[in-house]
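This briefing is for a reader meeting the structure for the first time. It takes up enclosed spaces, one helix and the nonpolar cores.

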Amino acid sequence: MFDLADLTAAAELVHARMAPTAQHHWPLLSAATGAQVWVKHENHTPTGAFKVRGAITFMDWLLRTHPEVPGICTATRGNHGQGQAWAATTAGLSAKVYAPRGNSVEKNAAMRAFGADLIEIGDDFDSARQEAYRVADEEGLFIVPPFHLELVRGVATYALELFTAQPDLDTVYVPIGCGSGICGTILARDALGLATKVVGVVSDRAQTAKLSVDAGHLIETNSANTFADGMAVRIPVQEAFDIYSKGADRIIAVSDDAVADAIRLYFTATHNVAEGAGAAPLAGLMQERDAMAGRKVGVILCGGNIDTGWFKTVLGGQTPQV
């Protein structure tokens, strides 16, 4: 789907706007997991999450192919919206962003700070997404979907950086929401011709991707109530499923308690802040620690944008309730 030239061109676009993020080996994480762990620090981007990479490449594509568009419209739980607002407003476009009611207070504040016209509506991401599509059509705005190949091409640059620096990883754990992260990782691995296994991690309270892969077709869920809000998706995306159902070695589910444990481990072992989805890959590795013992493993810390109240709860030894 993407060859190395496609991803290298995407990396040039991304690196013109932000520096590559680091990948670090943390001895205390390795001691806790029994594996040689490399963390890809997407919590260190300009918006604190990996989504900004896709926003850069998507906005470049949009300006070239639809120069008449006055603005964008999209739905988010926060990280996608921050990236899109930043990319759109710096390009001179408006950015209307929909998030569900009760969304992260601090992610909402960050989106507004990056220039978003933020509207809260619906009970979850998928409800907000439906409204975003309706309003985009009504107001002549360009809808930015949760999954688009130009988003994926940008997101894949974090995996390109990681695999170029550490090409001999046995396995990489990646969280799944709508799927741009895991698909970008799979496509970068394939473009480089590597044998690394890619493991998708979902919340056991938001298992649409896992259920879909297990069934061989799309399966929607009735709810997605997890504090790991970046994975709180009820309705899978066909285009993403077509990639990760074939390219992932397996999809595993982790509990909110396990995610909270991983957030605490990240902070004590590395003093990095991880949000729920950002810590889910480490939770997945901890769940499979016996099978991964002694292996060289990557975990994607895809974002650090957790609300202060939830972080205090986690550091206090509890799991946030939603």
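The second largest cavity is lined by Lys51, Gly54, Ala55, His80, Gln84, Pro146, Leu151, Val155 and Ser180. This cavity belongs to a predicted model, and its space comes to about 60 Å³. The structure holds four cavities of 30 Å³ or more.

**Second largest cavity**

- Three helices, α3 (51-65), α4 and α7 (149-165), each supply at least two residues of the lining.
- The most comes from α3, which gives three residues to the lining of the second largest cavity.
- Sorted by class, this lining has four nonpolar, four polar and one charged residues.

**Largest cavity**

- The volume of the largest cavity is about 360 Å³.
- Its lining has 29 residues, and those nearest the centre of the cavity are Phe50, Lys51, Gly177, Cys178 and Gly230.
- Lys51 is thus named for the largest cavity and is also listed in the lining of the second largest.
- At least two residues of the lining of the largest cavity come from each of α4, β7 (171-175) and α8 (180-192).
- By class, 15 residues of this lining are nonpolar, nine are polar and five are charged.

**Helix α4**

- Helix α4 covers residues 79-90, twelve in number.
- From its first C-alpha to its last, α4 reaches 17 Å, close to the 16 Å expected at 1.5 Å a residue.
- How is α4 placed relative to the rest of the structure? It is largely enclosed by it, because ten of its twelve residues are buried.
- The buried residues of α4 are Asn79, His80, Gly81, Gln82, Gly83, Gln84, Ala85, Trp86, Ala87 and Ala88.
- Among these buried residues are His80 and Gln84, both of which line the second largest cavity.
- The helix supplies at least two residues to the lining of the largest cavity and at least two to that of the second largest.
- Just after α4, Gly92 takes a positive phi of about 85°.

**Nonpolar cores**

- The largest nonpolar core has 80 residues, and Tyr173, Ile182, Tyr244 and Tyr266 have the most contacts inside it.
- Helix α7 gives the most to this core, with eight residues.
- A second core, separate from the largest, has 20 residues, including Ile72, Val97, Met111 and Phe142.
- Helix α7 therefore appears in two settings here: the largest core, with eight residues, and the lining of the second largest cavity, with at least two.

Terms used. Residues numbered from 1 in each chain as written. Predicted model: local features only at pLDDT ≥ 70, side-chain atom pairs only at ≥ 80, totals over all residues. Heavy atoms only, no water. Helix = DSSP H or I, 4+ residues; strand = E, 2+ residues; numbered from the N terminus. Expected span 1.5 Å × (residues − 1). Buried < 20%, exposed > 50% of the residue type's maximum accessible area, 1.4 Å probe, protein only. 1 Å grid on protein atoms, 1.4 Å probe; cavity = no way out; pocket = protein on both sides within 12 Å on 5 of 7 lines; lining within 4 Å. Points joined across faces, edges and corners; volume = space filled by probe spheres on them. Nonpolar A, V, L, I, M, F, W, Y, C, P; charged D, E, K, R; others polar. Core = buried A, V, L, I, M, F, W, Y, C linked by side-chain atoms within 4.5 Å.
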